[in-house]
Amino acid sequence: RWLQIEGSSGVGKSSLVNAGLLPLIRQGALKTPFGISQWRVLDYRMPGETPLSRLATVLAGLMPEPTALDGALKCLQQLERDDRALSLLLKSLGSNETAYVLFIDQFEELFTFADKSERRRFDAQLDYALRDKDCPLFLISTVRIDFLDQFEQLPRLSEIYNSHCQRYLLKSVTRQGLRDIIEQPARLAGLDVSEVTEVILNDAQQETGALPLVENALHCLY
C-alpha cells in the first residue's frame, strides 16, 4: 500500500502524481483491483518543518468537529500520545467501502526541514498504519533520488522499506516527452504551437531537469 516515485530533481515526479495518478484514482481506477468503492485523497502535500502537525490538520478535516482548530489540536494530541492513532482514526471513520490515499510530495523534506521530534512520531504513525492490514491507508510519496541514503533517519519506515514499498524510478524526460508535454494540452484546446515547440525544445536540450523551466515558460506564454 506504499508507492514511491523516485527520480532526479525536475523530472516530473510531482506532475506524474498530480496530473496522472490522483485523477485516475478519483475516477475510480482502483475500485476493481482492491474491491473498495470509495477513494478519498487526503490533501497533505509537503512535510515541511512540522509533518505531524500537518497530518493532524488533514485528519481533522475528516471528522465532525466544532472548529477546525479544535479538531486539529485533538488529532495532534492523539498522534503524539499513541503510535496507533492514525490507524485507529481511519478505521473508525467508516466501513470497508472507503480507502484513504495520503500523497506526500517531496518526501525528502522529512530529512532536510522536519523537526526531529515530529519526524520521529510521523515515522511511527505511518509505519504502524502501513503494517496494520485492516487500516484503509494507501501512501504515495515522491522523493529525490539523491536523498535515498537518508532513509535511515526514519527508523520505523526503513524497516519495512523493502517489504512494503513499491518503488518506481522516473527517468529524465526525453525530447519527445517534452514535445508531448507542450503540444498535447494545446491540441485539446485546438491550438497549433509547433513553432513555439521547436524554440522551447532547442533552448531546453542542454538543461538538466528541464521540465520545471519548460513549465514556467509555458505558463508565462499562456
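# Why these labels?

User: What makes the contact between the side chains of Glu198 and Arg175 a salt bridge?

Analyst: In this predicted model, the side chains of Glu198 and Arg175 come to 3.7 Å, N to O. The cut-off is 4 Å, so the pair counts as a salt bridge. Glu198 sits in helix H10 (residues 194–204) and Arg175 in helix H9 (residues 175–188), so the bridge ties together parts that are 23 residues apart in sequence.

User: Why are Glu198 and Arg175 called partly exposed?

Analyst: The label runs between 20% and 50% relative accessible area. Glu198 has 31% and Arg175 has 36%, so both land in that range.

User: How do you know that Asp127 pairs with Arg131, and how far apart are they in helix H7?

Analyst: Their closest N and O atoms are 2.7 Å apart, and that is within the 4 Å limit, so it's a salt bridge. The two are 4 residues apart in H7 (residues 116–131), or about one helical turn. As for exposure, Asp127 is buried at 2% relative accessible area, while Arg131 is partly exposed at 39%.

User: What does the bridge between Glu159 and Arg131 tie together?

Analyst: Here the closest N and O atoms are 3.4 Å apart, and the pair counts as a salt bridge. Glu159 belongs to helix H8 (residues 155–164) and Arg131 to H7, so the link ties together parts 28 residues apart in sequence. Glu159 has a relative accessible area of 59%, and since the exposed label starts over 50%, it gets that label.

User: What makes a network out of such salt bridges?

Analyst: Shared partners do: Asp83, Asp127, Arg131, Arg156 and Glu159 are joined into one network that way. The whole structure holds 12 salt bridges.

User: How do you know that Cys75 is in no disulfide?

Analyst: The closest cysteine sulfur, in Cys135, is 14 Å from the sulfur of Cys75. A disulfide needs the sulfurs within 2.5 Å, so this pair is too far for a bond. Seen from Cys135, the nearest cysteine sulfur is again that of Cys75, at 14 Å. The disulfide count comes to 0.

User: Why are Cys75 and Cys135 called buried?

Analyst: Buried means under 20% relative accessible area. Cys75 has 1% and Cys135 has 3%, so both qualify.

User: Which residues touch the most other members of the largest nonpolar core?

Analyst: Out of 41 residues, those are Trp2, Leu59, Leu86, Leu102 and Leu126. Helix H3 (residues 51–60) gives the largest share, 6 residues. Leaving out residues up to four places away in sequence, Leu59 touches Cys75, Leu79, Leu86, Leu89 and Leu90. Another core lies apart from this one, with 14 residues, including Val17, Ile25, Ile36 and Phe138.

User: What makes S2 and S5 edge strands?

Analyst: The open sheet has 5 strands in the order S2-S3-S4-S1-S5, paired in parallel. S2 (38–45) and S5 (165–169) each have a single partner strand, so one side of each has no neighbour in the sheet. Neighbouring strands are turned by 20 degrees against each other on average, ignoring direction.

User: How do you know that S3 pairs with S2 and with S4?

Analyst: Pairing takes at least two bridges. S2 and S3 are joined by 6, and S3 and S4 by 5, so both pairs pass. Leu42 has Leu102 in S3 as its bridge partner, and Phe103 stands opposite Ile140 in S4. S1 (residues 2–7) and S4 (residues 137–144) also pair in parallel, over 6 bridges, with Glu6 opposite Val143.

User: Why is S3 called largely enclosed?

Analyst: Of its 7 residues, 6 are buried, so the rest of the structure encloses most of the strand. H3 lies across S2 and S3 (98–104), running at about 140 degrees to S2.

User: What makes Arg45 and Gln106 stand out in phi?

Analyst: Neither is a glycine, yet phi is positive: about 70 degrees for Arg45 and about 50 degrees for Gln106. Arg45 is in strand S2, whereas Gln106 lies in the loop between S3 and helix H6 (109–112). Arg45 has 55% relative accessibility, over the 50% mark, so it's exposed. Gln106 has 31%, so it's partly exposed.

Conventions. Residues numbered from 1 in each chain as written. Predicted model: local features only at pLDDT ≥ 70, side-chain atom pairs only at ≥ 80, totals over all residues. Heavy atoms only, no water. Core = buried A, V, L, I, M, F, W, Y, C linked by side-chain atoms within 4.5 Å. Buried < 20%, exposed > 50% of the residue type's maximum accessible area, 1.4 Å probe, protein only. Contact = heavy atoms within 4.5 Å. Axes fitted to C-alpha atoms, helices over the stretch in contact; angles between N-to-C directions.
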